[in-house]
Amino acid sequence: MWTSTRTSLSAAEVTSLRLTEVVVPPYVDIHEDITLCCRFDTDEVTSLRLTEVVVPPYLDIHEDITLCCRFDTDEVTSLRLTEVVVPPYVDIHEDITLCCRFDTDEVTSLRLTEVVVPPYVDIHEDITLCCRFDTDGEKLYSVKCYHNVAEVTSLRLTEVVVPPYVDIHEDITLCCRFDTDGEKLYSVKWYKDELEFFSYMPGNTPHTQIFPRPGIVLDETLSDKTSVTLTALSFNTSGTYRCEVSTEAPSFKTVFASNNLTVMVLPTSEPEIVGVQRRYYLGDHINTTCTSAWSHPAPSLSWYINGAKADPTRLVQYPLVSSHGLFSQSLGLSFLPERRHFQGPYFALELRCRVTIDNLPPWERLVTPRLHVDLTNQKLSMVLSQASCRNSLLSTVTALSAAILAATT
């Protein structure tokens, strides 16, 4: 059996409401059921009541569980839960702390009593999303549901273009096209890292307004309600960009979408390979180094031997070099090639250096040294034997021709 741990808590200024006992056992046998207790005293605050407490009696050790504690405060509208912490995963050998923090400041009487959005669903099933609430007698204005931060209304974004990567030497145009479904446009706004830097409002004069932000240089002549053009890019231009479109009253609908943009300095050339000879004899050691062109962010290098990635034991690592925010990386390759490495009729060995930066297509350099082939004594004897056979055959043919010529005369 386990023993309970009891903790007395205070409800801040709501002195008439207090928890008298909270029982959450620190240890429990895996084969037993447990009961979590939460006893309280409301004194004169009789309008507070728990409407539902859900703690499953049985649980598979591989599943997550949700502990529910729903309540109704009636007239006590100034009490609300600010944080409930029940970790989804816990090591069986550790103690855990379940937290229930609350705030007694003034809040409105409108509250959500239940929101059900299943975390996982089978693709072949229908699902029902629930949102139940209590307005405490006040008049309901609206209920809105969102999917992927975009409100499902007749206002919709038809195209949002924020490239994930851009070269620092280029200008870029961010596009935000939309369909208001006949409603009057109120504004189009652009944000970088939650800070507004451009707005288009057809009801204002002038229609556009620019807010200075670090890393943002706008070409105002190429910026309007559907696009903005950024020039003079810097590394500070990198960030999260959001387009937000709103319609006029009475609907006041709003949709928005965002994407990350990273400013890069792309390599201006393929990587450089040094130390490779044109021909090698068997037994010669190959020692070569590949160096990338300057870039930002730092590149990643790899070697390939005849199309297969080189074993790490054959690589020579060098420190990353940086200058004025740019990076260059070198990677050495050292190994003793065997006869099998030199392939094809020309006995060629393919050595390829590949430079990658994030998810961009790689930059590559290929060199193909060859095996230096000498005529061995065995091969030389074979060649001489073949020549001797040709000479003997030629002598025989010559003598036969002479005999035939003498007979006829």
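The protein chain of this predicted model is mostly a matter of strands by count, with 32 of them against 1 helix. Of its 409 residues, 27% come out as buried. The accessible surface adds up to about 27200 Å², and carbon and sulfur atoms account for 54% of that. As for how the chain meets itself, take the contacts between residues at least 6 apart in sequence: 54% of these join residues at least 24 apart.

One sheet is worth a walk-through. It is open, has 4 strands, and reads β21-β23-β29-β26 in order, with antiparallel pairing. At its edges sit β21, covering 272–274, and β26, covering 315–317, each of which pairs on one side only. On average, neighbouring strands here are turned by 25° against each other, with direction ignored. In general terms, strands of a sheet pair through backbone hydrogen bonds, and the pairing may be parallel or antiparallel. Within this sheet, β23 (residues 286–291) and β29 (residues 330–335) run antiparallel and are joined by 6 bridges. To pick out one position, Asn 287 has Ser 334 in β29 as its bridge partner.

Strand β23 also brings in the cysteines. The chain has 2 disulfides, and with the bonded cysteines counted along the chain they follow the pattern 1-2, 3-4. One of the two links Cys 290 to Cys 353, with an S to S distance of 1.9 Å. Its torsion about the S-S bond is about -80°, so this disulfide is left-handed. Cys 290 belongs to strand β23 and Cys 353 to strand β30 (residues 351–356), so the bond ties together parts of the chain that are 63 residues apart in sequence. Both Cys 290 and Cys 353 are buried.

The other disulfide runs from Cys 176 to Cys 243, with 1.7 Å from S to S. The link of Cys 176 and Cys 243 is left-handed too, at -65° about the S-S bond. Here the tie is between strand β14 (residues 172–179), which holds Cys 176, and strand β19, which holds Cys 243, so parts 67 residues apart in sequence are brought together. Again, both Cys 176 and Cys 243 are buried.

Two further cysteines give another picture. Cys 38 has 44% relative accessibility and so counts as partly exposed. Cys 131 gets the partly exposed label as well, because its relative accessibility is 37%. Both values fall between the cut-offs used, which call a residue buried under 20% and exposed over 50%.

Back in strand β19, which spans residues 239–247, there is Thr 247 to look at. Thr 247 counts as buried because its relative accessible area is just 1%. Leaving out residues up to four places away in sequence, Thr 247 touches Leu 155, Thr 180, Glu 183, Lys 184, Leu 185, Tyr 186, Phe 252 and Lys 253. With Glu 183, one of these neighbours, there is also a polar contact: the side chains of Thr 247 and Glu 183 are joined at 3.4 Å. Strand β19 thus holds the buried Thr 247 along with Cys 243 of the disulfide to Cys 176.

Notes. Residues are numbered from 1 along each chain as its sequence is written. This is a predicted model: local features need pLDDT of at least 70, side-chain atom pairs count only at pLDDT 80 or more; totals for chains, interfaces and linings use all residues. Side-chain values use heavy atoms; hydrogens and water are left out. Two strands pair if DSSP finds at least two bridges between them. Helices (H or I, at least four residues) and strands (E, at least two) are DSSP runs, numbered from the N terminus. Axes are lines fitted to C-alpha atoms, for helices over the stretch in contact, and angles run from 0 to 180 degrees between N-to-C directions. Buried means under 20% relative accessible area, exposed over 50%, partly exposed in between (1.4 Å probe, protein chains only). Contact means heavy atoms within 4.5 Å. Accessible areas come from the Shrake-Rupley method with a 1.4 Å probe; for residues, only the protein chains shown count as cover. A polar contact is a pair of N or O atoms within 3.5 Å; within protein, one must be able to donate a hydrogen and the other to accept it, and residues adjacent in sequence count only if both atoms are side-chain atoms. A disulfide is a pair of cysteine sulfur atoms within 2.5 Å.
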